[in-house]
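Student: Before examining the model, I should like to understand how its descriptive terms are justified. May we take them one by one?

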Amino acid sequence: MSDAATDALFTPDRRYLIVRGRLWRAANPDLTDKERAALVAELMSARRAVKHDRDDPVALAKARRRVHLAKVALGERGPVWWSDGAPDMNRKLVVNTPYAAWFASLSAVAPAQRD
């Protein structure tokens, strides 16, 4: 993982990372390092294509589809990767989720991560 990923604030179950007070589903931890690296490379390539293809609606749609498929393969979108029946809280404000009390109890969290 990159330095940014290791510095990220994850929920105790590591299902989500928290960015500006919002939950974002983390990648499936069951992926091998090789699988994760290949999928991240595809995601970055697709994101570059989105930027490059802004003026071509057909190419832009294809690039956005590639982004979506890479995120699904990583486990960040689509069906959840855990099997205990817990609902998906992706994109919700942490204060409106079952993680709210845990998040409020953090005293060492940087203000930028809590807002």
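Tutor: Let us begin with accessibility: buried means under 20% relative accessible area, exposed over 50%, and partly exposed in between, with a 1.4 Å probe and protein chains only. This is a predicted model, in which local features need pLDDT of at least 70 and side-chain atom pairs count only at pLDDT 80 or more, while totals for chains, interfaces and linings use all residues. Residues are numbered from 1 along each chain as its sequence is written, and side-chain values use heavy atoms, with hydrogens and water left out.

Student: Why is Asp13 called partly exposed?

Tutor: The relative accessible area of Asp13 is 32%, which lies between the limits of 20% and 50%. Arg15, at 12%, is therefore buried, whereas Asp84, at 53%, counts as exposed.

Student: What makes Asp13 and Arg15 a salt bridge?

Tutor: The term requires a side-chain nitrogen of Lys or Arg within 4 Å of a carboxyl oxygen of Asp or Glu. The closest N and O atoms of Asp13 and Arg15 are 3.9 Å apart, so the pair satisfies the rule. Asp84 also forms a salt bridge with Arg15, at 2.6 Å from N to O. Asp84 lies in the loop between α3 and α4 (100-105) and Arg15 in the loop between β1 and β2, so this pair ties together parts that are 69 residues apart in sequence. Asp13, Arg15 and Asp84 are thus linked in a network of salt bridges.

Student: How do you know that β2 and β3 pair?

Tutor: Strands (E, at least two residues) and helices (H or I, at least four) are DSSP runs, numbered from the N terminus. Two strands pair if DSSP finds at least two bridges between them. Strand β2 (residues 16-19) is joined to β3 by 4 bridges, and the two run antiparallel; the pairing of β1 and β2 is antiparallel over 2 bridges.

Student: Why is one side of β1 and of β3 left without a neighbour in the sheet?

Tutor: The open sheet has the order β1-β2-β3. β1 (9-10) and β3 stand at its edges, each with a single partner strand, so one side of each has no neighbour there.

Student: Which residues does Asn28 touch, and what makes these contacts?

Tutor: Contact means heavy atoms within 4.5 Å. Leaving out residues up to four places away in sequence, Asn28 touches Arg36, Leu74, Gly75 and Trp81. With a relative accessible area of 16%, Asn28 is buried, because the limit is under 20%.
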